[in-house]
Amino acid sequence: MTISITALTAKGARANNQDALLLGNHVITAGEHPFLMTGCIVQSDPRISVFAVADGAGGNEAGEVASEAALRLLAAESFADINDFREKVDECFERMQTAVEEALGSRWGGSTISVLAMGEGQYVCANLGDSPVYKANSGRLNLISEIHTEAEEKLMAGVRKKDITEQERHSLTRCLGSAGYDIPSFSSGVFAQGDVFVLCSDGFAERFPKNRLLRELHRPSPKLFSPNTYAATDDNCSAIIIFTGKA
């Protein structure tokens, strides 16, 4: 089974880009660059491949410092296979928290973190914050991460969507950073040929809601790979898109 990966990140209308991406042990940061995109193809389903999206939060450079620190730590970790990742991921999140705290120093900031490990037909997803991870198959796009915001907590408690404020939609209840260690959410399952995974920032998710994203994934020339799509967005937009196919 081949695994084809495309990663993109755009700063939109913001002055800088506080997102960071991880492909295996390669960390991608964009800073002031308006748009970056890269990709690769893995010729067979490996024992372990790790991908991550981190969306920094904080004033000035604090957000991008936090997101990059988290992924630099993750990139240096070693996992023998998917089961080894499953056993070590808790401790890895604790070390990422420490790395972010040390990088921030006296500055206040933090970062979401969504990690997807794939190998031997299995996946494990772990996350803090509101950077969603989706799995697409059989014409459906399913959220496999949890959204850690005040809005999501209220929705789960039965509050109507129309009664949720904009501030609550963007107020994180869990993340890496100055507020201390939070317990990540986990999910796991299997994948097969034809499945697609998408890890993204909340800015990308707002630009491409689920139904639109599902349509774009099946277009021959999807708009989500065009720099013009993100030029005027009011948030950074980043995503890793993983297609599985025949060997």
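These legends go with several views of one predicted model.

**Figure 1. The whole chain, with its six helices and 14 strands.** Let's begin with the overall picture. The radius of gyration is 17 Å, close to the 18 Å that the globule rule gives for 247 residues, so the chain is as compact as a globular protein of that length. Along the principal axes, the C-alpha atoms fill a box of roughly 50 × 40 × 35 Å. Of the 247 residues, 53% are buried. Among contacts between residues at least 6 apart in sequence, 73% join residues at least 24 apart.

**Figure 2. The surface of the chain and its charged side chains.** About 11400 Å² of the chain is exposed, and carbon and sulfur atoms supply 48% of that area. If you are thinking about electrostatics, here is the tally: 23 positive and 32 negative side chains, with the centres of the two sets 9 Å apart.

**Figure 3. Helix α6, residues 210-217, and its buried side.** Which residues of α6 are buried? They are L213, L214, E216 and L217, a set that includes a glutamate alongside the leucines. These residues cover an arc of only 165° around the axis, which puts them on the same side of α6. An α-helix has 3.6 residues a turn, so residues three or four places apart point the same way. On the face turned away from the buried side of α6, you will find the exposed residues N211 and R215.

**Figure 4. What covers the buried residues of α6.** The cover includes the strands β9 (133-137), β10 (140-143), β13 (196-200) and β14 (237-245). Helix α5 (202-207) is also part of this cover.

**Figure 5. Q97 in helix α2 and the residues it touches.** Helix α2 spans residues 82-104, and Q97 has its place there. Is Q97 buried or exposed? With a relative accessible area of 3%, Q97 falls under the 20% cut-off and is therefore buried. Leaving aside residues up to four places away in sequence, Q97 touches C175, L176, G177, G180 and Y181.

**Figure 6. Two loop residues with positive phi, E120 and S138.** Take E120 to start with: it lies in the loop between β7 (113-119) and β8 (122-128). Phi of E120 is near 55°, a positive value in a residue other than glycine. E120 is partly exposed, with a relative accessible area of 40%. S138 sits in the loop between β9 and β10, and its phi is near 50°, again positive in a residue other than glycine. S138 is exposed, with a relative accessible area of 75%.

Terms used
Residues are numbered from 1 along each chain as its sequence is written. This is a predicted model: local features need pLDDT of at least 70, side-chain atom pairs count only at pLDDT 80 or more; totals for chains, interfaces and linings use all residues. Side-chain values use heavy atoms; hydrogens and water are left out. Helices (H or I, at least four residues) and strands (E, at least two) are DSSP runs, numbered from the N terminus. The radius of gyration is taken over C-alpha atoms; the globule rule is 2.2 Å times the number of residues to the power 0.38. Buried means under 20% relative accessible area, exposed over 50%, partly exposed in between (1.4 Å probe, protein chains only). Contact means heavy atoms within 4.5 Å. Accessible areas come from the Shrake-Rupley method with a 1.4 Å probe; for residues, only the protein chains shown count as cover. Lys and Arg count as positive and Asp and Glu as negative; His and the chain ends are not counted. The place of a charge is taken as NZ of Lys, CZ of Arg, CG of Asp or CD of Glu. The arc is that of the directions from the helix axis to the C-beta atoms.
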